[in-house]
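Open the model in a viewer and keep the sequence beside it. The stops below say what to select and what is found there.

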Amino acid sequence: MSQSSATRAFLWSFLEQGGAKVVQMVVQIVLARLLAPDAFGLLAVLLVVTNIADSIAQSGFGTALIQKGDADNVSYDTAFWLSMGIALVIYGAIYALAPALASFYDMRDLLPTLRVLSLVVLFNAANSIQRSYMQKHMDFKGLFQVSIIAALVSGVIGVASAAMQFGSWALVIQVLSQSIFTCLVMLAVVPWKPHFRFRKTDAIELYKYGWKICVTGILNVLYSGISELILGKTCSSAELGYYSQGRKYPNAAIGVANNAIANVLFPALSEVRDDHRRLYDRVHRGLVIGTFITAPLSLWAASIASPIVELLLGQDWLACVPIFALTCASNVFVILQVVNLRVYMAYGRSDLYMNLQILKVAASIIGIGGTAYLTHNIYCTAFATFFVGIFNVLCIDLAPAKRLYGYSALRQLRDIAPSLSAAFIAFLGASLISILGLTPVLELLFQTIIFMAIYYGLARLTKMYALYASINQLRTLIGR
């Protein structure tokens, strides 16, 4: 893949992730003004359960197809029917276990909503194979179109349901309809269509690679959702709603850039995995440019937490401001995680990927889960999540990098240090505005201006490599 092709792919991947996320965030903001916090607390528990089910049903087959160099249409058919078969079994299990879960959490509405929302497992299993086909063929423009259509249609349906006083069901309807429409639109635009074909050798090969991704996916959900599972038992639904919403918006926003980079990097790195020099260059460039984008986004969002929450969600949601700010700040190192994990996967080291997730889940259970269980406090849990998240990236995700491809954790930190330092100084400058007692609009405006001025000014003053590398990438794209 040429540099210009990778740049174009990144742009469309960014638009696909960003466009859909912007629509989803607007929808969630409207829903937050229409629904009570306890509705979002219920949804937080539902999503952890269904996300675990998704990981089992998809079993890493989509990722295995991208990594498989000789995948043909029969390979996709094989993965599709495997995923659908597993999804049916998983849905049946959730349906049967729903009463026990509802009783455990003492949530009256959990039983019917879980049984309905779990239908997403079937549709997500189908579109995971469709999505892998488009990613493997670098059709991020098509993914962008699919994501926007599904997000818009489901958003309208969800908001209409909330306006008609459907309560927590509005959230269930919105999530389920997005999955359904994504599947239907992909069926119309993806050249590959599922046929009744099955190749045993492909099934074995996909399973050997994919089961580790499956376990990793489950661990990912537990890693990110362990606090919700425990707080759902120890705190009220409203408190869980504040906690989940405080984390949702920052993770969604910063996830746009991270997912766009990850979607392009995996096939790009898989392409040059046998050429160490080219692989190293692509990783270095991805880290430097990625940090130049994500570090300031993370810390800028942390600095404007109070005015943005009040303006978008209203004063009823101000309780989630500290959680919002901590979640934003915790993402400052996440590009290191995104890039390095894609390198390990490009090398076919799904076993390493899985082992790292096991270690991170263990750290999360001890640090985050232990804090949530002992304190029953959403703010203490948010601080624990912040520190454990940074520890996991720096001490676990980066540990194999030097041994596997010669790019040590210390060298990576040195390479991204200029962007991190400039972003932190800009954060301090913007945060000082909060002591002036301005209105939310003025506070947001001045904090944004000061942050941008300091960050860009420092980048120009120090002649930061990342700034000029980013400009060159943009020029390459425009020139095409």
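Select D202. This is a predicted model, and in it D202 has a relative accessibility of 4%. D202 counts as buried because that value falls under the 20% cut-off. Now add R199, whose side chain meets that of D202 in a salt bridge with an N to O distance of 2.6 Å. R199 is partly exposed, at 27% relative accessible area. Include D72 as well: a network of salt bridges links D72, R199 and D202.

Next, select R197 and D77. They form a salt bridge in which the closest N and O atoms are 2.6 Å apart. The two residues belong to distant parts of the chain, with their positions 120 residues apart: R197 is in the loop between α8 (168-189) and α9 (200-234), and D77 is in helix α4 (residues 73-105). Which partner is buried, and which is partly exposed? D77 is buried, with 0% relative accessibility, whereas R197 is partly exposed at 34%.

Go on to R247 and E228. Here too there is a salt bridge, and its closest N and O atoms lie 3.0 Å apart. This pair also links distant parts of the chain, from helix α10 (residues 237-271), which holds R247, to helix α9, which holds E228; the two are 19 residues apart. R247 is buried at 10% relative accessibility, and E228 is buried at 9%. How many salt bridges are there by this rule? The count comes to eight.

Now turn to the rings. Select Y76, F80, W81, Y133, W192 and F196 together, and one aromatic cluster appears. Across the whole structure, a search finds 15 aromatic pairs.

Two other rings have a charged side chain over them. Select Y95 and R115: the charged end of R115 sits over the ring of Y95, at 3.9 Å from the ring centre. Then select F104 and K233, where K233 lies over the ring face of F104, 4.6 Å from its centre.

For a whole helix, select residues 120-136, which make up α6. This helix has 17 residues and spans 24 Å from first C-alpha to last, close to the 24 Å expected at 1.5 Å a residue. Is α6 mostly covered or mostly open? Mostly covered: 14 of its 17 residues are buried. Step just past the end of α6 to M138, where phi is positive, at about 55°.

Two loop residues come next. D106 sits in the loop between α4 and α5 (110-117). Its phi is near 55°, which is a positive value in a residue other than glycine. D106 has 70% relative accessibility and counts as exposed. Q165 is in the loop between α7 (140-163) and α8. Phi of Q165 is near 65°, again positive in a residue other than glycine. Q165 is exposed as well, with a relative accessible area of 69%.

For the last stop, select V22, V26, V30 and L34. What do these residues form on the surface? They make a nonpolar patch, with about 320 Å² of accessible area together. Within the patch, V26 is placed in helix α1 (residues 3-34). V26 counts as partly exposed, because its 48% relative accessibility lies between the 20% limit for buried and the 50% limit for exposed.

How values were computed
Residues are numbered from 1 along each chain as its sequence is written. This is a predicted model: local features need pLDDT of at least 70, side-chain atom pairs count only at pLDDT 80 or more; totals for chains, interfaces and linings use all residues. Side-chain values use heavy atoms; hydrogens and water are left out. Patches are made of residues with over 30% relative accessible area and no salt bridge: like charges are joined within 9 Å, nonpolar side chains (Val, Leu, Ile, Met, Phe, Trp, Tyr) within 5 Å. Accessible areas come from the Shrake-Rupley method with a 1.4 Å probe; for residues, only the protein chains shown count as cover. A salt bridge is a side-chain nitrogen of Lys or Arg within 4 Å of a carboxyl oxygen of Asp or Glu. Helices (H or I, at least four residues) and strands (E, at least two) are DSSP runs, numbered from the N terminus. Buried means under 20% relative accessible area, exposed over 50%, partly exposed in between (1.4 Å probe, protein chains only). The expected span of a helix is 1.5 Å times one less than its number of residues. Rings of Phe, Tyr and Trp (its six-membered ring) pair if their centres lie within 6.5 Å; planes under 30 degrees apart count as stacked, over 60 as edge-to-face and the rest as tilted. A charge sits over a ring if NZ of Lys or CZ of Arg is within 6 Å of the ring centre and within 35 degrees of the ring normal.
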